[in-house]
Amino acid sequence: MMRRLVHPWITVRAQIALGAVFVVAALPKIADPPGFAKAIWNYQLFPAWAVNPSALVLPWLELLCGVALCLGLWTRAAAAWLGVLLLAFLAALSINLARHHPVDCGCFSTQAAARSVEERVADMRWAILRDAGLLLLAAQVLAAGARRYQGSRNR
């Protein structure tokens, strides 16, 4: 079963899907750093001094890792970085959901939409499910890379 899950055919598609999602997610944040900083600030999880540097660095990290995965470069490092980011996103969304503080996730847009509390909570739940699925893709890429690395060491 594990052999099928780390088959190169599946791994390439997982890399491209994960990479494409992060490239698409990074572009609006790069185009609007103040809007993304406001989205980060709305989570109320970060000290004020960390918001602007995060808004400037995170989108470029997402773009670099996404492009690397799409091109098949540094796949293990890119998947590991994106896995760490996804864990952080999952934690941020879950904490705000648990404390009944609905936020716009800022994942694919930096524009705050006029929505009700219920709509924001529903969007946060979907974002958690989406991020969990993306985390599975990152885990697949990492597992396939580790298997390839073990195979090359045993030769």
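Is Gln 44 buried or exposed? I looked this up before anything else. Gln 44 counts as exposed, because its relative accessibility is 53% and the cut-off for exposed is over 50%. I noted that the model is a predicted one.

**Entry: the chain as a whole**

I went through the helices and strands. The protein chain has six helices and zero strands, so my list of elements from the N terminus on reads α-α-α-α-α-α. I then looked up the box that the C-alpha atoms fill, and along the principal axes it is roughly 55 × 30 × 25 Å.

For burial, I found that 36% of the 155 residues in the protein chain are buried. The exposed area of the chain is about 9,300 Å², and 68% of it comes from carbon and sulfur atoms. I also looked at contacts between residues at least 6 apart in sequence; 72% of these join residues at least 24 apart.

I looked up the charges next. The chain has 15 positive and 7 negative charges, and their mean positions are 20 Å apart.

**Entry: the annotated spans**

I checked the UniProt record, an unreviewed entry. It places the feature "transmembrane region" at residues 55-74, 79-98 and 127-146. I looked at two of these spans in the model. Residues 55-74 are 85% helix and 0% strand, with 24 Å between the end C-alpha atoms. Residues 127-146 are 100% helix and 0% strand, and here the end C-alpha atoms lie 28 Å apart.

**Entry: two positive phi angles**

I went back to Gln 44. This residue sits in the loop between helix H3 (33-42) and helix H4 (48-71). Its phi is positive, about 55°, although Gln 44 is not a glycine. I noted this because most residues other than glycine have a negative phi.

His 100 also has a positive phi of about 55° and is not a glycine. I found His 100 in the loop between H5 and helix H6 (117-153). With a relative accessibility of 71%, His 100 counts as exposed.

**Entry: Asn 96**

Which helix holds Asn 96? I found Asn 96 in helix H5, which covers residues 75-98. The relative accessible area of Asn 96 is 0%, so this residue is buried. I then listed its contacts, leaving aside neighbours within four places in sequence: Tyr 43, Leu 45, His 101, Val 103 and Met 124.

**Entry: cysteines**

How many disulfides does the structure hold? I found one. This disulfide joins Cys 105 to Cys 107, with 2.3 Å from S to S. A disulfide is a covalent bond between the sulfur atoms of two cysteines. I looked up the accessibility of both partners. Cys 105 is partly exposed, because its relative accessibility is 23%. Cys 107 is buried, because its value is 13% and buried means under 20%.

Why does Cys 65 not bond to Cys 70? The closest cysteine sulfur to that of Cys 65 is in Cys 70, and it is 11 Å away, so the gap is too far for a bond. I checked from the other side as well: the closest cysteine sulfur to that of Cys 70 is in Cys 65, again at 11 Å. For comparison, the cut-off for a disulfide is a pair of sulfur atoms within 2.5 Å. Cys 65 counts as buried at 4% relative accessibility, whereas Cys 70 counts as partly exposed at 33%.

Note on methods:
Residues are numbered from 1 along each chain as its sequence is written. This is a predicted model: local features need pLDDT of at least 70, side-chain atom pairs count only at pLDDT 80 or more; totals for chains, interfaces and linings use all residues. Side-chain values use heavy atoms; hydrogens and water are left out. Helices (H or I, at least four residues) and strands (E, at least two) are DSSP runs, numbered from the N terminus. Buried means under 20% relative accessible area, exposed over 50%, partly exposed in between (1.4 Å probe, protein chains only). Contact means heavy atoms within 4.5 Å. Accessible areas come from the Shrake-Rupley method with a 1.4 Å probe; for residues, only the protein chains shown count as cover. Lys and Arg count as positive and Asp and Glu as negative; His and the chain ends are not counted. The place of a charge is taken as NZ of Lys, CZ of Arg, CG of Asp or CD of Glu. UniProt positions are given in the numbering used here, feature names are shortened, and annotations may be inferred rather than shown by experiment.
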